[in-house]
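Here is a friendly walk through one protein chain and its ligand, set out as questions and answers. Have the viewer open as you read.

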Amino acid sequence: MHKTIIEPFRIKSVEPFRMSSEKDRLEYLKAAHYNPFLLTSDQVMIDMLTDSGTSAMSARQWAGIIVGDEAYAGSRSWTKMEKEVRDLTGFDYIIPTHQGRAAERIIYGLIGGKGKTFISNTHFDTTRANIEYSGSEAIDIPIPHATEPGWIHPFKGNMDTERLEALIVEKGAQNVGAVILTVTNNSGGGQPVSMQNAIEIRDICAKHGVLFLLDCCRIAENAYFIHHREANYANTPYRAIAQEMFSLADGAVMSAKKDALVNMGGFLALKDKALADECNNLLIITEGFTTYGGLSGRDMEAIAIGLEEVFDPDYLTYRVKSTTYLGDHLHKMGVPLMLPIGGHAVYIDAKAFYPHIPVDQYPGQALACELYTKGGVRSVEIGSVMFGKYDANHTLIPAPMELVRLAIPRRVYTSSHIDYVIETFGFLLHDREAVKGFEIVEETKFLRHFTAKFERV
Ligand SMILES: *Cc1c(COP(=O)(O)O)cnc(C)c1O
């Protein structure tokens, strides 16, 4: 058996990036106030900022772009997307949206509101924002130890079902807006959720009459983990595993920018007609008519094709194995990581990487800046820059973890790009004692990580 993971595709169209020197990058980073979000993409060589909307489309998808039907009503491309989503999810009512958060705003705006509680393994940040904006509260109940970086569990993305039942009883079932299972658990490190966990959640929701929704952005990647890790699924095809998981829920919210392998798109899929009718009313007011939502016909065409391609066993094997490859190599070199390695990204524990940098000098920001300076690799801090708050004396209340995320765009980088990233970490390990932290010199009140300006301490 070969050990080398090869990309199961040939490259038909290329997008060159410019090679830069460390000297160039120091200048770019200074001009960007040491915030990688403020770099332009042509200053970056390997962009691991996010896996969202950064996939490379296939030749078939690009052909679909030309075929896309731009009719306002009754577009052929919508018929194709609707059929694909219906076959996959088993839900009757499919509502197209321009991206995941638009679907979230519609459904959570409708079923949320003051006095309601939403419960999730972990709410993704836009999910939480839409729920809280409606006046509801959002409670995360991952399984115990899920936030300990070194703790190994095959389904570290699972929800704590004991707490779920206790919370539903405590809040009163009629006050629970929905239970939302995020697969894979993005904010929890791209960790998978088991079918067993989803079945238990379905049973608890059914018993109490609570709506059960899937945040299914990475359900194909999740199906890969179930196939390889959960008893009795080794012979079930990936798509059938996803279908089984959908069959447990009352609906699903999807950002097609992840596992639908496109650059823009999303949908809402529901079992209940009355709820779908109300969602369609809101859709028409803010997104568009029911046969396009906020999408172009060509986008819908590409989504329909992407949702087929993502379940290809060759693709999924390459996808998860190449993420694991990066993680395993960094782990062997002694880079402290969030373990086990998830589906779409590798998370580095920056607090352990730079133990000499105090959290109020942002070790994650320091690591993201070093990675860019030494290799032209863009990553993102997920720690106290992103989630830190201040107390009344303007002292930092740090985030629970100081992580740096290397998200892997789908079908974009080859294994030599990944080897280059691994090599860059060799340089970072070599002179880590010399690296200094940062202070924030300018910031906004909300979502400061996008625009904050830094200076080296
Ligand atoms: C990306 C994402 C969303 C939001 O989708 P957008 O397309 O970015 O609006 C919601 N939930 C999860 C788990 C996501 O990863």
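Helices (H or I, at least four residues) and strands (E, at least two) are DSSP runs, numbered from the N terminus. The model you are looking at is predicted.

Q: Which loop holds P340?
A: Start with the peptide bond that leads from L339 into P340, which is cis, with omega near -15°. To place P340, look at the elements on either side of the residue. P340 sits in the loop between α12 (313–333) and β9 (345–349).

Q: Which residues does a second cis peptide bond join, with omega about -20°?
A: Look in the loop between β5 (176–182) and α7 (195–208), where T184 is found. For context, most peptide bonds are trans. The cis bond here, with omega about -20°, joins V183 and T184.

Q: What is the phi of Y34?
A: Y34 belongs to the loop between α1 (22–31) and β1 (46–47). As a rule, most residues other than glycine have a negative phi. Y34 is not a glycine, yet its phi is positive, near 55°.

Q: How much area is buried between domain 1 and domain 2?
A: The domain assignment gives domain 1 as 22–51 + 312–456 and domain 2 as 59–309. Their centres, taken over C-alpha atoms, are 27 Å apart, and the contact takes 23 residues from domain 1 and 27 residues from domain 2. Carbon and sulfur atoms give 57% of the buried area, which comes to about 2,100 Å².

Q: Which residues of domain 1 lose the most area to domain 2?
A: The size of an interface is often given as the accessible area lost when the parts come together, so it is natural to ask who loses it. Three residues together account for 25% of what the domain 1 side buries, and they are L316, P340 and R410.

Q: What percentage of the ligand's area does the protein bury?
A: Begin with the polar contacts: side-chain polar atoms of R101 and N186 lie 2.7 Å and 2.9 Å from an oxygen atom of the ligand. R218 also has a side-chain N or O atom 2.9 Å from a ligand oxygen. Taken alone, the ligand exposes 380 Å², and the protein buries 97% of that.

Q: Which element gives the largest share of the shell around the ligand?
A: The shell has 15 residues, with Q99, R101, D215, S255 and K258 the closest. By type, they divide into two nonpolar, seven polar and six charged. Two elements give two or more residues each, α4 (100–111) and α5 (125–133). The largest share, three residues, comes from α4.

Note on methods:
Residues are numbered from 1 along each chain as its sequence is written. This is a predicted model: local features need pLDDT of at least 70, side-chain atom pairs count only at pLDDT 80 or more; totals for chains, interfaces and linings use all residues. Side-chain values use heavy atoms; hydrogens and water are left out. A residue is near a molecule or strand if one of its heavy atoms lies within 4 Å of it. A polar contact is a pair of N or O atoms within 3.5 Å; within protein, one must be able to donate a hydrogen and the other to accept it, and residues adjacent in sequence count only if both atoms are side-chain atoms. Accessible areas come from the Shrake-Rupley method with a 1.4 Å probe; for residues, only the protein chains shown count as cover. Ala, Val, Leu, Ile, Met, Phe, Trp, Tyr, Cys and Pro count as nonpolar, Asp, Glu, Lys and Arg as charged, and the others, Gly among them, as polar. Domain bounds come from an automatic or database domain assignment. Contact means heavy atoms within 4.5 Å. Buried area is the accessible area (1.4 Å probe) that two parts lose on being put together, summed over both.
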